[in-house]
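This briefing is meant to be read alongside the sequence and the structure shown below. Its topics are strand pairing, a polar side chain, and some less common backbone features.

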Amino acid sequence: MSRYYVTTPIYYVNDAPHIGHAYTTLTADALARWHRLIGDEVFFLTGTDEHGQKVARAAEAAGRTPAEHAELNADRYRQAWDLLQISFDDFIRTTEPRQIDTVQAFMQRIHDNGHIYSGTYEGWYCVPCEAYYNDDDLVEDPSGGDTPLCEIHRKPVEWLSEENWFFRLSAFAQPLLDWYETNPNAVQPEGKRNEALGLIRGGLQDISVSRSAVQWGIPVPWAEGHVFYVWYDALINYVTAIGYNSDRQRFEDWWPSVNHLLAKDILRFHCVYWPAMLMAAGEAPPRQLNVHGYLLVGGEKMSKTSLNQITPAELVEDFGVDGFRYQFLRGQPFGPDGDFSYEGMVVRYNTDLANNLGNLAARVATVVAKKCDGVGPAPDPDSPLAPIAAEVVAEAVREWAETSPPKALEATWRLVREANAHLENNEPWKAEPGPAVDRVLGDALEVLRIVAVLASPALIDSTDELWRRIGLTDAGGQPNRPTDVRVPDGLAWGGYPGGVPVDKGTPLFPRLTTS
Ligand code: ME8
């Protein structure tokens, strides 16, 4: 059995989650569910990033203490993930004692290894990014203001000047380049790897790891009055949760074969700072970093100022949990930016879920009721769909392994379309009951069985319901849920036993209209 460790970024608790956060989290969830299907031991970590100025200021603006504000918004993240049926194994909050202990121990190790020194920091800082910037990273204020703007938030940065502790990042430029060279697939996709290499080759400056002007943070153990810069606190969550400072054996079981998911906004922190910090602490860098683009609304990144934030709950109300999950797992390729539109989501839902999968399930059940007294027949071992199913399973296995849920689902829906075409070509609804009709319907039921398993990382309750409707729940000798099947062996053609009751029920995915 292999181990699969997958993480999302831990999100800031300045505000509630929007669909951008849901996008990364859903992708991690689907990957975790897929790896459970193939029999891996999975550890799926998400959580919240609660310290730093951004959260402290949002709390102040809301008239709360940072701790109260963090509590409230961490809860909103948990509620959103519960709603979306996110199957995380651990939800870490950076204000927990385990994180405080681990950050102090990890940073102390880097300090003891001689990679931290004291100095004065002077330069630009963007609070919404919680990032230090050089002049070259910033853009001019188009309205003529003297202060340059952060490129991501388009807000004036702030000038910081304080006594600080610095991490000798510059010393890690060559070790990082060597690591990139020997691990050409560590950062995916290639364009993002090149971006990270560009940052390293462009020259790395030492970076301030502590703040004395901010109170809301983890105390620096060797310097009273200082707290750690929030990013040096946050990244460490990935090792806290697997026992870096509490259970060395467990840590070694899971590290470094991790798969970090993140968007391009935090590439620099994950693909440059984090591997360097690990090296400085004497640990191996992460095995895999998967960087995706932005989910755009009307061509713009979601932000509070442009009022284009959409919450997951708003869309779940219209599309259901599985409709939501399907859209964000299938809707845009994993990697580049993708535009989200409500109208596009309706089209995808109606095409793939209502018309293709929902319709296949409904028409098979209707014809089984009419021609087979409601008892599902077994598939034909020599069905023309058998080799297609084998190809689709193999392709899905490949694409999930490549962290590409959209392509894996696209392959899965090819099988749905082929099964619908097989029914159209044979028109069992027009034929007399008998072995020929049984074969065609048995084939379609077998496809539904296979699809219920392959789609189960995306569609949760509806694949369970499909399983029940085709008679496999409590069928005896059969896995009780699609998630109990082991892939790929359990998907060999012919697994549908036949002789079980098929239930039509109401539409699995009722058609939607745009209004
Ligand atoms: O950066 N499209 O937290 P954050 C796609 N606390 N993904 C998006 C997105 C969008 N429009 N908007 C947000 C932080 N995301 C730090 C992370 S990790 C040690 C610390 C997702 O709340 C995407 O994964 O700003 C992005 O990287 C993350 O949310 C940023 O979340």
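Two strands are taken to pair if DSSP finds at least two bridges between them. In this predicted model, strand 12 (residues 258–263) and strand 13 run parallel and are joined by 5 bridges. The points below begin with strand 13, then turn to Asn164, and end with the backbone.

**Strand 13 and its partners**

- Strand 13 (residues 288–292) is largely enclosed by the rest of the structure, because 4 of its 5 residues are buried, where buried means under 20% relative accessible area.
- On the side of the pairing with strand 12, Asn259 stands opposite Gln288 in strand 13.
- Between these two strands the chain passes from strand 12 through helix 10 (residues 267–280) to strand 13, and the resulting β-α-β crossover is right-handed.
- Strand 8 (residues 187–188) also runs parallel to strand 13, and 2 bridges join them; the bridge partner of Gln188 in strand 13 is Asn290.

**Asn164 and its surroundings**

- Asn164 is found in strand 7 (residues 158–167), and it counts as buried because its relative accessibility is 1%, which falls under the 20% cut-off.
- The side chain of Asn164 makes a polar contact with the side chain of Ser208, at 3.0 Å.
- Leaving aside residues up to four places away in sequence, Asn164 touches several residues, among them Tyr117, Ser118, Gly119 and Tyr121, and also Ser210, Arg211, Ser212 and His226.

**Cis peptide bonds before proline**

- Gln188, whose bridge partner in strand 13 is Asn290, is joined to Pro189 by a cis peptide bond with omega near -10°, and Pro189 itself is found in the loop between strand 8 and helix 6 (190–201).
- Val487 and Pro488 are likewise joined by a cis peptide bond, with omega about 5°, and Pro488 lies in the loop between helix 16 (461–469) and strand 18 (500–501).

**Positive phi at non-glycine residues**

- Glu130 is not a glycine, yet it has a positive phi of about 50°; this residue is placed in the loop between strand 5 (116–126) and strand 6 (131–133), and it is buried, with a relative accessible area of 1%.
- Arg154, also not a glycine, has a positive phi of about 55° and lies in the loop between strand 6 and strand 7.
- Whereas Glu130 is buried, Arg154 is exposed, with a relative accessible area of 52%, exposed being the word for values over 50%.

Technical notes: Residues are numbered from 1 along each chain as its sequence is written. This is a predicted model: local features need pLDDT of at least 70, side-chain atom pairs count only at pLDDT 80 or more; totals for chains, interfaces and linings use all residues. Side-chain values use heavy atoms; hydrogens and water are left out. Buried means under 20% relative accessible area, exposed over 50%, partly exposed in between (1.4 Å probe, protein chains only). A polar contact is a pair of N or O atoms within 3.5 Å; within protein, one must be able to donate a hydrogen and the other to accept it, and residues adjacent in sequence count only if both atoms are side-chain atoms. Contact means heavy atoms within 4.5 Å. A crossover is right-handed if, with the strands pointing away from the viewer, the path from the first strand over the helix to the second runs clockwise.
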